[in-house]
Amino acid sequence: MRVIALGQQKGGCGKSATAINLACEAVAAGHRAALVDMDYEQGTALRWGKRRSQDTPSVHEANAVTLSPLLAKLQSEGFEWVFLDLPGRNSPVASAGLVASDLILIPVRPLDIDVEASAATVLAAKRAKKRYSYLISISPPQAERRRAKQVAATLQDLGHPVAPTIIVQRLLVPDAVAAGKCTCEADAKSESAAEFKALFNWIAKEVVL
Ligand SMILES: Nc1ncnc2c1ncn2[C@@H]1O[C@H](COP(=O)(O)OP(=O)(O)OP(=O)(O)O)[C@@H](O)[C@H]1O
Ligand SMILES: [Mg+2]
């Protein structure tokens with residue numbers, strides 16, 4: 001079972017939207033996948049699960065105490081992928097999620113404030129000896145995509161791994177979440193669906209058990 005944490009103490013950078021879409025991409029690829037909401041204040045993933053008509057991916061909630069038994073249960077039930085949607089602040093809940101993961105995906109909008117705020121998550125990942133990768137997320141489209149590439153290059157120059165896929169800002173992403181869907185269910189031919197699929201495929205190649 002592979003556990004992927006979406007972590008970054010900066011709020012609003014795309015943790016929940018990415019966790020939701022990656023869990024759905026894992027399902028679309030034929031895997032048993034679970035989505036675990038660890039942000040009880042927002043409950044974005046949990047509310048998304050309630051709006052949904054399908055029962056895949058399996059949606060759960062967990063805190064610092066209940067995560068470990070939940071993961072043991074999911075493993076014993078044959079789940080192959082777990083995506084943890086962590087809260088947008090440093091807390092024991094977020095730490096528990098980081099420590100339990102095989103890969104920490106750190107979404108940042110291509111903005112200095114997001115990159116600056118991510119330092120604490122990188123430090124926590126390094127302290128826990130966990131693998132991490134930045135993900136450029138909610139990137140302004142068209143000409144401003146240049147900015148996303150610049151930020152990715154700067155992070156790489158500083159020695160940080162960066163996922164090769166850029167998640168572009170499009171209304172389809174929040175609209176799908178609001179409808180209890182992922183982008184591939186809302187519009188399978190959309191560029192957003194292609195981006196999340198490419199991101200999942202990259203993770204599946206990178207995190208081999
Ligand atoms: N690719 C995208 N394009 C457009 N809007 C997006 C995209 N990804 C996320 N959003 C929207 O941006 C907002 C923040 O995204 P999201 O809730 O996923 O971030 P978060 O990091 O989980 O935030 P929080 O820390 O507050 O939980 C939400 O309204 C979400 O629907
Ligand atoms: Mg969230």
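Q: Which helices supply at least two residues each to the shell around ligand 1?
A: When you read a binding shell, start by asking which elements feed it. In this predicted model, α1 (15–28) and α8 (172–178) each supply at least two residues of the shell around ligand 1.

Q: And which residues come nearest to ligand 1?
A: Go from elements down to single residues. The ligand has 18 residues around it, and Gly11, Ser16, Ala17, Gly88 and Pro174 come nearest.

Q: How do the residues of that shell divide into nonpolar, polar and charged?
A: Here you just sort the shell by residue class. Around ligand 1 the split is seven nonpolar, eight polar and three charged.

Q: Okay, let's zoom out. How many helices and strands are there in the protein?
A: A quick tally of elements is a handy map before you look at pairings. This protein has ten helices and six strands.

Q: Which strands does β5 pair with, and in what sense?
A: To read a sheet, follow the bridges from strand to strand. Strand β1 (residues 2–6) runs parallel to β5, with three bridges joining them. On that pairing, Ile4 sits opposite Leu103 in β5. Then β5 is also joined to strand β6 (residues 132–136), again parallel, by five bridges. One pair to look up there is Ile104 with its bridge partner Tyr132 in β6.

Q: Is β5 mostly covered or mostly open?
A: For a strand, count how many of its residues are buried. In β5 (residues 103–108) that is five of six, so to speak a mostly covered strand.

Q: What about β2 and β3: how many bridges do they share?
A: Same reading, another pair. Strand β2 (residues 33–37) and strand β3 (residues 58–61) pair in the parallel sense over four bridges. As a landmark, take Ala34, whose bridge partner in β3 is Ser58.

Q: Which helix goes with β2 and β3 in a β-α-β unit, and what is its handedness?
A: With a parallel pair, check the connection. Helix α2 (residues 44–50) joins β2 and β3 in a β-α-β unit, and that unit is right-handed.

Q: How does the radius of gyration fit a compact globule?
A: Compare the value with what the chain length would suggest. For 209 residues a compact globule would come out near 17 Å, and the protein has 16 Å, which agrees. The C-alpha trace spans about 45 × 40 × 35 Å along its principal axes.

Q: What share of the residues is buried, and what share of the contacts is long in sequence?
A: These two numbers describe packing and chain topology. Buried residues make up 47% of the 209. Among contacts with a separation of 6 or more, 75% come from residues 24 or more positions apart.

Note on methods:
Residues numbered from 1 in each chain as written. Chains lettered and ligands numbered in written order. Predicted model: local features only at pLDDT ≥ 70, side-chain atom pairs only at ≥ 80, totals over all residues. Buried ≥ 20, exposed ≤ 12 C-beta atoms within 10 Å, placed from the backbone. Pairing = 2+ DSSP bridges. Right-handed = clockwise from strand over helix to strand, strands pointing away. Near = placed C-beta within 6 Å. Nonpolar A, V, L, I, M, F, W, Y, C, P; charged D, E, K, R; others polar. Rg over C-alpha atoms; globule rule 2.2 N^0.38 Å. Contact = placed C-beta atoms within 7 Å.
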